[in-house]
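Got your viewer open and a selection box ready? Load the model below and follow along.

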Amino acid sequence: MVGVSDGQASGPVPRAAGAPVGRPLLSLTLAALMDEVGAHSGAVYLLIPGEPVLEMAVMAGLPRAFAAPWERLGLTAPIPVAEAARHRRLVWVSGEEDMARRYPRISMVLPYPFALAALPVATDRAVYGAVFVTWPGAHPPDLSDRERDHLTAACGRLAMRLERAHDRGHAVRPEPDLLAPAPMTSPAGTLGTAEATRMVARLPYGLCALDLRGRITFANAAAADLLGLPVSALLGTQLWTSVSWLNDPVYEDRYRAALVGQHTTAFVALRPPSDWLSFRLHPSTNGLTLRITRARAVAREGGAAFQHGDTGTRLVTISQVLSLAGALTEAVGVQDVVQLVADEIVPAVGGQGLVMLGSGGGRLHVLGQRGYPDPRDLDRFDGMSLAEHTPGTHALRTGVPAFFASRRELARRYPDQRPAGDMAAWAYLPLIVSGRPVGTWVLAYTAPHPFPADERAVLTSLSGLVAQALDRARLYDVKHRLAHGLQAALLPPSLPSLPGVEAAARYLPATRDMEIGGDFYDLVPLGCGQAVAVIGDVQGHNVTAAGLMGQIRTAVRAYTTVGQSPGEVMRSTNRLLFDLGAELFASCVYLRLDPVRGQAVMARAGHPPPLLRRPDGRVRVLDLAGGPLLGIDPDATYPTTEVALPPGSLLTLYTDGLVESPGVDIEDALAGCARRLAETGDAPLDEVADALVRHSGTAEERVDDVALLLLRTTARS
């Protein structure tokens, strides 16, 4: 059955018994349409019954593998054929740059010069599918009225036939693709006569014929000799699969570029150990002719080198683009994106300088730069109004890239623009995400640099990847600042000065997710020289955990202020969690410290035991009596333990993030922490705190946040 849509979500199509359409309706229509407008490839899509999905039913002119990522499309996909069906209108893409700017997904896979038209297959009643056709890059930038009329009429006729088939219950099924035949034949059959075959055999260079799928249908003796394989081993194979030293995506990319753009492409390759060969591909609508010669001279750039047509432009290949895309997904913050673009993308496209500009509040902001020895050269761009007449602001406002091959060209367009640094050519590339501008990246060259159409298309496509990465990174940085700001607001800004007690504290957020957690500490001075210390850990690493942590810390202070004992403070806080309806648990150690008497009264709720370093340097783990985690049992009680703290004692309170790490036994980690405390305990307290944190098992990669509170009793003067 043929799926239908009223332009919105399609409902189920009633199924009716009936024979399939008796002749290849789709193939004949597509072939006639392509012939009428001189297109060299195309495809017909049908709407799947009951689903808002287009499925390719037949393709002509090129192997289906070229369009493999788009064989099935949602109607909402940002692809021309889906847009044509969705909006019931013709979509025209004039060429490589236009494709890269409007449909970067396609341009990333097919970064070649070609034009495309997509049209809906629809009647007044319903949408039945869509059609696209393509032309080589030499097509004029505008679709002619004749082409538009032919395309519209042909799609209208096809829609009427599909509607009649639907009404009669006839199934319209996918049909075999249309590829120009290029059968494997003898050389005489291929070239016409035996004499012609002998002539080709005598040529001093290699000559091969390839079909549209890249399979070799003829090879002369010189080609076999240059490639190092007999003719019999080459026939029926693809060059990049049968010849091991050509097994590189770069070379297959040149075959694809020749077919899609219908223009000559070339590359050079090294036949081990030291022979450089030149390959030149001449395409037609039914295959390619490949000429192979020994290369006269090759610039050793490392890896595979190739040329695009006669321009000599070195491009980023598909394999490089995929590698760059993968790397960009790993960038976390804005500076990560700047660093990655500078280290990987700029060298790959031959640039020497980079400026990354973000936008916000109607102004540009310099997010980072590379290649400019004096950063002050860029100060004038930071905070620049988007209303200014500059290449960067114009690219951002319009979404259209700007390329300047020389200083003269820049001065002609922007006479008041004073270039920064010693750069001589620039590409201003807007960063757009879902139609929303997020910035501009400026690629600079130290020498004049032409920007041919294929290079502009690649740079514009890369801009889509950079824009997505930058948008994610800016969001991450905002969340990162929010997390740290919230955490800082919930923890004490400083520790109070207490008679007879030295104190130091550290807090380290987790290095994953939002880096916000529920670890907390506090030190509260009381009358009569006493003080209260508390440390705890709320389950989770999110805003909810941080919010509950703030409530617990406030409650502990309140219960302390009204004079509750340590055990009562813990019971009251435990009941509070149930009154709040909290679904999270918390661990805690609470102690009342009396430096005058040299003792502390402690209560514990499921928290790791404190460490006590005695004045003689020995360290022991305090096995305190305690109760369950806060929030487990509303009627839980929390017994207290009295601990002697003579002058010179060092009490260490911590959360489990200090001693827990994957693959390390908790007892071993605790023993290691005790050894470090014994070794460093006589040092100034801040140095002790830094040493404990620095040598913890989670110093670099923390899956949990860490809180540490150190209290050292001193002799009172």
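Here is a short tour, with a few selections to make in turn.

The model is predicted, so a local feature needs pLDDT of at least 70 and side-chain atom pairs count only at pLDDT 80 or more, while totals for chains, interfaces and linings use all residues. Residues are numbered from 1 along each chain as its sequence is written, and side-chain values use heavy atoms, leaving out hydrogens and water.

**Stop one: a strand with no open side**

Select 531-538, which is strand β20. Strands here are DSSP E runs of at least two residues, and helices are H or I runs of at least four, numbered from the N terminus. Is β20 buried or exposed? Its 8 residues are all buried, so the rest of the structure largely encloses it. Buried means under 20% relative accessible area, exposed over 50%, and partly exposed in between (1.4 Å probe, protein chains only).

Now colour the two faces: A531, A533, I535 and D537 lie on one side, with V532, V534, G536 and V538 on the other. In a regular strand, side chains alternate between the two faces of the sheet.

**Stop two: the neighbours**

Add 518-525, strand β19, which runs antiparallel to β20 and is joined to it by 8 bridges; strands pair if DSSP finds at least two bridges. Look for G518 with its bridge partner V538. The two strands form a hairpin with 5 residues between them, and C528 in the turn has a positive phi of about 60°.

Then add 586-594: β21 is antiparallel to β20, again with 8 bridges, and V589 in β21 stands opposite I535.
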